[in-house]
Amino acid sequence: MALLEVRDLALEYSTERGPLRAVDGMSFDVEEGEALGVIGESGSGKTSMAIALMRLLPRNGTLVGGSIRLAGQELTELDDEAFRTTIRWSRMAMVFQGAMHSLNPVVRVGDQVGERLRSDGMSKKDVRARVEELLTQVGLPATIAQRYPHELSGGMKQRVMVASALTHDPPLLILDEPTSALDVSIQAQIMNLLKELKAERRISMLFITHDLALASDLCDTIAVAYAGQVRELGSAERVLGAPADPYTQRLLASIPSLHEPKPPDFLPGAPPDLREDIPGCRFAARCPLVYEPCDEPPPYVAIGDGHHARCWRHDPRRAPEATA
């Protein structure tokens, strides 16, 4: 059963050169107790989508369309105060990229983790006990609560951010590049922590990353984002093992292999400028398989067993064989 259902999500930023459609019709589900990985290059709309779900958009950002349902409740119909008090952090929490920039350097760690609990009226004694419990759950000693952020390593800070997100036991955790600023050994520790939370507490996760290896380690389902749209969506095994979209294929080809002598093949070019009108396929200018139908926006085609791709090659009416 889907805990989070997102349909046709659209988000614009106002800029001096006109509106920029950073998210343009994204749709996906996050099932209960499972993790959905959203992968793609910088500028693909991954983070914009996440902050739109949390209603943390900057002043120049506007949600212009779409539906967001959490456990069957339509969130777009809630006013800001209702969303703040009943949804954000209570039922849906987020761990932001770069923990070292998210913690106040002059406030003790325990005070920062327990801030929302105090604002909810919990007593100081109960807040202290809850904070120590959370720190222990994420693999930190309870004494960390008395320390300042500068006294912690990068991995410890990221664990503190996970503890902060878990204060109200939300069923859904959104993670935006949670390991991007960490070295490989600490990265592995954070990933193991996330896998434990998913397995033992059945927390659903929306895991945003540009690292396909990390996504394959944690996620049950993969959504590939490009230029504000979902290019491919399916089980991690199908998307990473038998990619159907040319963009996904090129992403996978850019990863070095330990078992094959073939060198990685880099992806040339850059994503399109989303302030401009893009009449056809958004990947066409970089795609080695481009052909005549790509002058038109490609359909989002179901290709079996929950697997979808946004490519004309999977439309039987316009596939290369049909147009030959």
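Contact here means heavy atoms within 4.5 Å. Keep that cut-off in mind as we walk through this structure, which is a predicted model.

**A helix with a covered face**

Let's start with helix α5, residues 124-137. What covers its buried residues? The cover includes α3 (109-113), α4 (115-119) and α6 (154-165). The residues of α5 that are buried are Val 127, Arg 130, Val 131, Leu 134 and Leu 135. Looking down the axis of α5, you would find these buried residues within an arc of 135°, so they line one face of the helix. There is a general rule that helps here: an α-helix has 3.6 residues a turn, so residues three or four places apart point the same way.

You can also check the length of α5 yourself. With 14 residues at 1.5 Å a residue, the helix should span 20 Å, and its end C-alpha atoms are indeed 20 Å apart, so the two values agree. Just after α5 comes Gly 139, which takes a positive phi of about 85°.

**The nonpolar core**

In soluble globular proteins, nonpolar side chains tend to be buried together. In this model, the largest nonpolar core has 92 residues. Phe 28, Met 49 and Leu 53 are the ones with the most contacts inside that core.

Which residues does Phe 28 touch, once its neighbours within four places in sequence are left aside? Among them are Met 49 and Leu 53, both also named with Phe 28 for their contacts inside the core. The other partners of Phe 28 include Leu 4, Val 6, Leu 36, Leu 206 and Leu 233. Two charged names appear in the list as well: Glu 5 and Arg 7 are in contact with Phe 28.

**A glycine in a loop**

Gly 72 sits in the loop between β4 (61-70) and β5 (73-74). Is Gly 72 buried or exposed? The answer lies in between: Gly 72 is partly exposed, because its relative accessible area is 38%. Ala 2 is 70 residues away from Gly 72 along the chain, yet their C-alpha atoms are separated by 8.7 Å.

**Charged pairs**

Side chains of opposite charge can pair when their charged atoms come close. How many salt bridges does a search of the whole structure find? It finds 20, including the three in this table.

| Pair | N to O distance |
|---|---|
| Arg 282 and Asp 24 | 2.5 Å |
| Asp 217 and Lys 195 | 3.1 Å |
| Arg 250 and Asp 265 | 3.1 Å |

Take the salt bridge between Arg 282 and Asp 24. It links distant parts of the chain, with Arg 282 in the loop between α10 (246-253) and β11 (300-302) and Asp 24 in strand β2 (residues 18-31), 258 residues apart. Arg 282 counts as buried at 16% relative accessibility, whereas Asp 24 is partly exposed at 22%. Both residues also belong to a network of salt bridges that links them with Glu 12 and Arg 21.

Next, Asp 217 and Lys 195 meet in a salt bridge. This pair joins helix α8 (residues 212-218), home of Asp 217, to helix α7 (residues 184-201), home of Lys 195, across 22 residues of chain. Asp 217 is partly exposed at 38% relative accessibility, and Lys 195 is partly exposed at 27%.

Finally, Arg 250 forms a salt bridge with Asp 265. Arg 250 lies in helix α10, while Asp 265 lies in the loop between α10 and β11, 15 residues apart. Arg 250 is buried, with a relative accessible area of 16%, and Asp 265 is partly exposed at 31%.

Conventions: Residues numbered from 1 in each chain as written. Predicted model: local features only at pLDDT ≥ 70, side-chain atom pairs only at ≥ 80, totals over all residues. Heavy atoms only, no water. Core = buried A, V, L, I, M, F, W, Y, C linked by side-chain atoms within 4.5 Å. Buried < 20%, exposed > 50% of the residue type's maximum accessible area, 1.4 Å probe, protein only. Helix = DSSP H or I, 4+ residues; strand = E, 2+ residues; numbered from the N terminus. Expected span 1.5 Å × (residues − 1). Arc of directions from axis to C-beta. Salt bridge = Lys/Arg side-chain N within 4 Å of Asp/Glu carboxyl O.
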